[in-house]
Amino acid sequence: MRLHRNLVFGVIDALNFIFNENEYADKVVEKVLKYDKRWGARDRAFIAETTYDIVRWKRLYTEIAEVKVPFKRPDLFRIWAVWAVLRGIELPDWKQIEPTPTRRIKGKFDELSKIRKYRESVPDWLDELGEEALGEDLWTKELHALNEQADVILRANTLKTTPIKLHDILLELNVDTDFIKGYPDALKLKERSNVFTTNAFKEGLFEVQDASSQLVAEFLDVKPGQRVIDTCAGAGGKTLHLAALMENKGQLIALDIYARKLTELKRRAKRAGAHNVETREIDSTKVIKKLHNSADRVLIDAPCTGLGVLRRNPDAKWKMQPDFLEKVIATQKQILSDYSKMVKPEGKLVYATCSILPQENKDQVKTFLESEEGKDFILIRDKNIYASVEGFDGFYMALLQRK
């Protein structure tokens, strides 16, 4: 593999933004890829994949490189050199790269790989928390699965096409996909490619959405003609799926506390041809009160630690602090209490998170059902999705019905 200096320097810049400036990896990669318009698809893939790889294995690589935060530029080159050596890449003779003891790197890797917190590259506190919550066996398997690169999964937009038609359209564009058993609208890319540049995407024939995430809207059991509220809609991945399942019939209200996310949702809804979506910013408690006892279905895709989606957001491991779990559990509890009041009698509610921790999931639902606000609800069913079992993102969803 021939290494180009400007590409490696791009990776070093990206790591500096992520590790030292605390910026988000996805935004950083987007920014760095704009450095040079001459970079082709392989160049861009090298920068993106190398950056994510080093972010994912930060603890392991920094231990081997014997460097500590804040990282100076030579430290970042040392970390990169560890990455290269472990991939069998011959190091270039550049002044930025000191003579690297290749055998020592491999020996240290073998030694540290015997210890889970280094092997799977997580902070001590998170490793202890996960083992206590899930047990040693499941946590070990789950951590390993969450360090694997996520597949690119599409959701066929059934307002405009079918999965079979979409498969054929993409094949004509040299994008080959597989169907996934048990996920009716999902297609998995056989090889990674930039599907956002295709006409099929521009025409709204699909969205990129993980297979586990696609189960959430289905779990809510929506019907055309109902009033459905997506309470933490964000940029609208699940909202658009709900619109498709409702066949554009009925009213779909998308709520969020961030107006900019709802602006993005409107843009995506227009592309998808989802005409029954109405956005409302939660800028006061009145927005929720006006909707009390009015919805046939309510989705609460709650804020969470995001431990189930570490494959996509590996930098979350390093950004998260030990007290965050406590804060997010309190937020979830409040949201469940407030937003459940929008469900009308005999209506249904789905509480979902992209976390694998019972504290955010089963325990949270149990606490709600035992509360004053939850006493009129019953649990119909719930589902834990683990990356180590299903091969997709970790998720939890619970379907509740109001009496």
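Student: Is Asn174 buried or exposed?

Tutor: Asn174 is exposed, because its relative accessible area is 74%, and exposed means over 50%. Keep in mind that we're looking at a predicted model.

Student: Where does Asn174 sit?

Tutor: You'll find Asn174 in the loop between α10 and β2 (177–179). Its backbone deserves a look too: phi is about 65°, a positive value, although Asn174 is not a glycine.

Student: Which strand holds Glu346, the other residue I marked?

Tutor: Glu346 lies in strand β9. Its phi is near 70°, again positive in a residue other than glycine. Glu346 counts as exposed because its relative accessibility is 63%.

Student: Okay, backbones. What kind of peptide bond joins Val69 and Pro70?

Tutor: That one is a cis peptide bond, with omega at about -5°. Pro70 belongs to the loop between α4 (58–65) and α5 (73–86).

Student: Now helices. Which residues of helix α10 are buried?

Tutor: Buried means under 20% relative accessible area. In helix α10 (residues 163–172), the buried ones are Pro163, Leu166, His167 and Leu170. They span an arc of only 105° around the axis, so they sit on the same side of α10. Turn to the face pointing away from that buried side and you meet the exposed residues Ile164, Lys165 and Glu172.

Student: And which residues are buried in helix α8?

Tutor: For α8 (residues 124–134), the list is Leu126, Asp127, Leu129, Gly130 and Leu134. Their arc around the axis is only 165°, which means they share the same side of α8. The face turned away from the buried side carries Glu128 and Glu132, both exposed.

Student: Let's try a loop. Is Leu357 buried or exposed?

Tutor: Leu357 counts as buried, because its relative accessibility is 0%. This residue lies in the loop between β9 (343–353) and α18 (362–369). Try finding Thr305 as well: Thr305 and Leu357 are 52 residues apart along the chain, and their C-alpha atoms are separated by 8.7 Å.

Student: Next up, charges. How many salt bridges are there in the whole structure?

Tutor: First the general idea: side chains of opposite charge can pair when their charged atoms come close. A search of the whole structure turns up 35 salt bridges.

Student: Which residue does Glu264 meet in a salt bridge?

Tutor: Its partner is Arg267, with a distance of 2.8 Å from N to O. The two are three residues apart in helix α14 (residues 259–272), so about one helical turn separates them. Glu264 is partly exposed, with a relative accessibility of 29%, and Arg267 is also partly exposed, at 48%.

Student: What about Arg312, which residue does its side chain meet?

Tutor: The side chain of Arg312 forms a salt bridge with Asp393, at 2.8 Å from N to O. Arg312 is in the loop between β8 (295–301) and α16 (316–319), while Asp393 is in the loop between α19 (387–390) and β11 (395–402), so this pair ties together parts that are 81 residues apart in sequence. Arg312 is partly exposed, with 30% relative accessibility, whereas Asp393 is buried, at 2%.

Student: Which residues make up the network that includes Arg312 and Asp393?

Tutor: Salt bridges with shared partners join Asp210, Arg311, Arg312 and Asp393 into one network.

Student: How far from N to O is the salt bridge of Lys319 and Asp315?

Tutor: The side chains of Lys319 and Asp315 meet at 3.8 Å, N to O. Asp315 counts as buried, because its relative accessibility is 6%.

Student: One last thing. Which residues gather in a patch of positive charge on the surface?

Tutor: Look for Lys286, Lys289, Lys290 and Lys341, which make up that patch. Take Lys289 as your sample: you'll find this lysine in helix α15 (residues 285–289). Lys289 counts as exposed because its relative accessibility is 56%.

Notes:
Residues are numbered from 1 along each chain as its sequence is written. This is a predicted model: local features need pLDDT of at least 70, side-chain atom pairs count only at pLDDT 80 or more; totals for chains, interfaces and linings use all residues. Side-chain values use heavy atoms; hydrogens and water are left out. Patches are made of residues with over 30% relative accessible area and no salt bridge: like charges are joined within 9 Å, nonpolar side chains (Val, Leu, Ile, Met, Phe, Trp, Tyr) within 5 Å. Accessible areas come from the Shrake-Rupley method with a 1.4 Å probe; for residues, only the protein chains shown count as cover. A salt bridge is a side-chain nitrogen of Lys or Arg within 4 Å of a carboxyl oxygen of Asp or Glu. Lys and Arg count as positive and Asp and Glu as negative; His and the chain ends are not counted. The place of a charge is taken as NZ of Lys, CZ of Arg, CG of Asp or CD of Glu. Helices (H or I, at least four residues) and strands (E, at least two) are DSSP runs, numbered from the N terminus. Buried means under 20% relative accessible area, exposed over 50%, partly exposed in between (1.4 Å probe, protein chains only). The arc is that of the directions from the helix axis to the C-beta atoms.
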